[in-house]
Amino acid sequence: MAAFIVPSSGAGCMSFQQTQVASISKFQKRIVSSSTRPINSCILSMKSKNEECDSTLDFNSKFVQNVKSVSAALALSLALSLTASDAAFADVPSTTPSSAFFDDAGVVQKGSAQLAEKALASLKQNTGIDVHFVVTRYFPYGEDPFEYAKELYDTWGLGEKDLVIVGGTKIARAGLYGGSEVNKLLSSDVMRSIGDETFPFKARGEKYSGAVLDVNNRLLPILYGKEDPGPPVIERESAESTFKSKEETSKSRFKYW
């Protein structure tokens, strides 16, 4: 008859129940370990993605700031690139001025401006020719005074009996452009002479009131059908007249003794 030997519960020996408990415990640890691994990896993955997102957001933020800085710099550069001529051009009316003489530069004395205005108004009343005389500081950059006069003529929608005169104080030159009826009395050569000789004669010395009156004094007789007075004559004293003779010098000395 076979004998069954039951292990004793002494030291160094494990009962059947203890063995089962140990096995279950190991199995549970295995499950917990395997179940937390995806969670840990997910947490690490999310952390990595958050870091990537933070990095991307930081880059985008810096990029937007750089774009704003570049845009501001371009806007400033554009503003600085607008020359004073552009600012002056913006001040000239986009429609025909209500008065015959318009001092946009503010350099002509009030009395001279009134004389010019009165003479041009009288011309219109007697001949029908309407002169629009503008004084400005600058012409648009790179533009010839005569081209600018034509530009104003076209912008204001003027007609065959209209004449535009625009004088620039900074370059001391003027430009003229007229309609077909005006051109019958005022040739292109005379226009060129008025712009390049008559107006600059005093404008170069910053005597703008005199320059305006000189243009009027030459222009009006022509538009009334009379002879052209011509450009200003530059008078130069001879070298002999600037030196005194020995006798004249002696007399001048005795005069103050």
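In the predicted model, Ser112 touches Ser209 and Leu213, when residues up to four places away in sequence are not counted. Ser112 lies in helix 3, and at a relative accessibility of 9% this serine counts as buried, because the threshold for burial is under 20%.

The helix that carries Ser112 was examined as a whole. Helix 3 comprises 18 residues, spanning residues 110–127, and at 1.5 Å a residue it should extend over 26 Å; the C-alpha atoms at its ends are 26 Å apart, in agreement with that expectation. Its buried residues are Ser112, Ala113, Ala116, Leu120 and Leu123. These five positions cover an arc of only 100° around the axis, and they therefore fall on the same side of helix 3. The packing partners of the buried residues of helix 3 are strand 1 (101–103), strand 2 (130–136) and helix 7 (208–223). On the face turned away from this buried side, helix 3 carries the exposed residues Lys110, Leu115, Lys118, Gln125 and Asn126. Just after helix 3, Gly128 adopts a positive phi of about 85°.

At the level of the whole protein, 8 helices and 4 strands are assigned, and they follow one another along the sequence in the pattern α-α-β-α-β-α-β-β-α-α-α-α. Of the 257 residues of the protein, 27% count as buried, while the accessible surface comes to about 17,900 Å², of which 57% belongs to carbon and sulfur atoms. Among the contacts in the protein with a separation of 6 or more, 64% are accounted for by residues 24 or more positions apart.

The nonpolar interior was considered next. The largest nonpolar core has 33 residues, and those with the most contacts inside it are Val131, Leu163 and Leu186. Two or more residues are given to this core by each of helix 3, strand 2, strand 3 (162–168), strand 4 (173–178), helix 6 (188–203) and helix 7. Helix 7 gives the most to this core, with 8 residues. With its neighbours within four places in sequence left aside, Leu186 is in contact with Leu163, Leu176, Met191, Ile194, Leu219 and Ile222. A second core, separate from the largest one, consists of 11 residues and includes Val92, Phe139, Trp156 and Val166.

A further site of interest is Arg173, which has its place in strand 4. With a relative accessible area of 25%, Arg173 is classed as partly exposed, because this value lies between the limits of 20% for buried and 50% for exposed residues. Leaving aside neighbours within four places in sequence, the contacts of Arg173 comprise Phe139, Asp144, Pro145, Phe146, Val166, Gly167, Gly168, Arg192, Gly195, Asp196, Phe199 and Pro200. Of these partners, Phe139 and Val166 also belong to the second nonpolar core. The side chains of Arg173 and Asp196 are joined by a polar contact of 3.1 Å. Although Arg173 and Gly195 are 22 residues apart along the chain, their C-alpha atoms are separated by 5.7 Å.

How values were computed:
Residues numbered from 1 in each chain as written. Predicted model: local features only at pLDDT ≥ 70, side-chain atom pairs only at ≥ 80, totals over all residues. Heavy atoms only, no water. Expected span 1.5 Å × (residues − 1). Buried < 20%, exposed > 50% of the residue type's maximum accessible area, 1.4 Å probe, protein only. Arc of directions from axis to C-beta. Contact = heavy atoms within 4.5 Å. Core = buried A, V, L, I, M, F, W, Y, C linked by side-chain atoms within 4.5 Å. Areas by Shrake-Rupley, 256 points an atom, 1.4 Å probe, with all protein chains shown as cover. Polar contact = N/O pair within 3.5 Å; in protein donor to acceptor, adjacent residues only side chain to side chain.
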